[in-house]
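Let's take a walk through this structure together, with the viewer open beside the text. We will look at ring contacts, covalent links and enclosed space in turn.

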Amino acid sequence: MGAGTLFLFIVCITKCLSPVAYADQGYGKYYTPPYVPSACYGYQDEGDMIGAASDTLWNGGAACGSMYSITCIGATNQGVLQPCTGQSVTIKIVDYCPPPGCQATIDLSQESFAIIADLNAGKIVIEYNQV
C-alpha cells in the first residue's frame with residue numbers, strides 16, 4: 001500500500017468513526033405546560049417534544065432550534081431508584097432555563113421526560129447529543 005493510499009485509508013476510517021456514540025452527560029428535569037411563551041419562539045407553539053437549555057448549552061440564544069437526542073442513564077438519588085425507561089427522545093430547544101433556579105442541563109417538557117423516565121424521579125442523569 002502506497003503512502004497516498006494509506007493516508008486516504010486513515011482519513012476514511014477517521015471520518016467513519018468520528019460520529020460514533022459520543023454523548024455528553026448532565027442532568028434532566030421537567031417543566032409543565034403551558035410551554036408558551038418561550039425565550040426562542042415567543043407565543044409560537046412548538047409542540048411538546050421540547051426543552052429549555054441551561055447555561056451549559058444556551059450560548060446567548062444560539063441553542064434555539066437545536067435538536068438533542070436524550071437518554072436517561074440513571075437516578076440522582078433524589079427520587080425513584082431506577083427511573084429510566086430504556087427509551088430515548090429527541091427534543092427541540094425552545095426556551096432558556098436560567099440560573100439560579102435551573103437545576104438541570106436540559107429542562108424537558110413533562111411529555112418528553114415521561115418517555116425516558118418516571119416522572120416521580122423529578123431529576124435524572126442523562127446522556128445527550130445534538131442531532
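A good place to begin is Tyr-128, which counts as buried because its relative accessibility is 4%, below the 20% cut-off used for that label. Keep in mind as you look around that this is a predicted model.

Tyr-128 is one half of an aromatic pair, and the count of such pairs comes to 4. Let's visit two of them. The first to look at joins Tyr-30 and Phe-113, whose ring centres are 5.0 Å apart with 50° between the planes, a tilted arrangement. Tyr-30 belongs to strand 1 (residues 24–31) and Phe-113 to helix 3 (residues 110–116), so this contact ties together parts that are 83 residues apart in sequence. The two partners differ in how much of them you can reach from outside: Tyr-30 is partly exposed at 28% relative accessibility, whereas Phe-113 is buried at 0%.

Now come back to Tyr-128 and its partner. The ring centres of Tyr-68 and Tyr-128 are 6.0 Å apart and the planes meet at 65°, so this pair is edge-to-face. Here the link runs between strand 3 (residues 67–75), which holds Tyr-68, and strand 6 (residues 124–130), which holds Tyr-128, so parts 60 residues apart in sequence are tied together. Tyr-68 is buried too, with a relative accessibility of 7%.

One more ring deserves a stop. Over the ring of Tyr-27 sits the charged end of Lys-123, at 4.7 Å from the ring centre.

Next, the covalent links. A disulfide is a covalent bond between the sulfur atoms of two cysteines. There are 3 disulfides here. How are they arranged along the chain? Counting bonded cysteines along the chain, the pattern is 1-2, 3-4, 5-6.

Start with Cys-40 and Cys-64, whose sulfur atoms are 2.0 Å apart. This disulfide is left-handed, with -80° about the S-S bond. It connects distant parts of the chain, 24 residues apart: Cys-40 is in the loop between strand 1 and strand 2 (50–53), and Cys-64 is in the loop between helix 2 (55–58) and strand 3. Cys-64 is partly exposed, at 27% relative accessible area.

Moving on, Cys-72 and Cys-84 are also joined, with 2.0 Å between their sulfur atoms. The torsion about their S-S bond is about -60°, so this disulfide is left-handed. Cys-72 lies in strand 3 and Cys-84 in the loop between strand 3 and strand 4 (88–96), so the bond ties together parts 12 residues apart in sequence. Cys-72 is buried at 7%, while Cys-84 is partly exposed at 29%.

Is the disulfide of Cys-97 and Cys-102 left-handed or right-handed? The torsion about its S-S bond is about 110°, so it is right-handed. The sulfur atoms of Cys-97 and Cys-102 are 2.0 Å apart, and both cysteines are buried.

Finally, let's look for enclosed space. Rolling a probe the size of a water molecule over the atoms shows where empty space is left. In this structure there is 1 cavity of 30 Å³ or more, and the largest cavity has a volume of about 40 Å³. Its lining consists of Tyr-35, Val-36, Ser-38, Gln-44, Asp-45, Glu-46, Gly-47, Ile-50 and Val-94. Sorted by class, that lining has 4 nonpolar, 3 polar and 2 charged residues.

Notes. Residues numbered from 1 in each chain as written. Predicted model: local features only at pLDDT ≥ 70, side-chain atom pairs only at ≥ 80, totals over all residues. Heavy atoms only, no water. 1 Å grid on protein atoms, 1.4 Å probe; cavity = no way out; pocket = protein on both sides within 12 Å on 5 of 7 lines; lining within 4 Å. Points joined across faces, edges and corners; volume = space filled by probe spheres on them. Nonpolar A, V, L, I, M, F, W, Y, C, P; charged D, E, K, R; others polar. Phe/Tyr/Trp six-rings, centres within 6.5 Å; stacked < 30°, edge-to-face > 60°. Helix = DSSP H or I, 4+ residues; strand = E, 2+ residues; numbered from the N terminus. Buried < 20%, exposed > 50% of the residue type's maximum accessible area, 1.4 Å probe, protein only. Lys NZ or Arg CZ within 6 Å of the ring centre and 35° of its normal. Disulfide = S-S within 2.5 Å.
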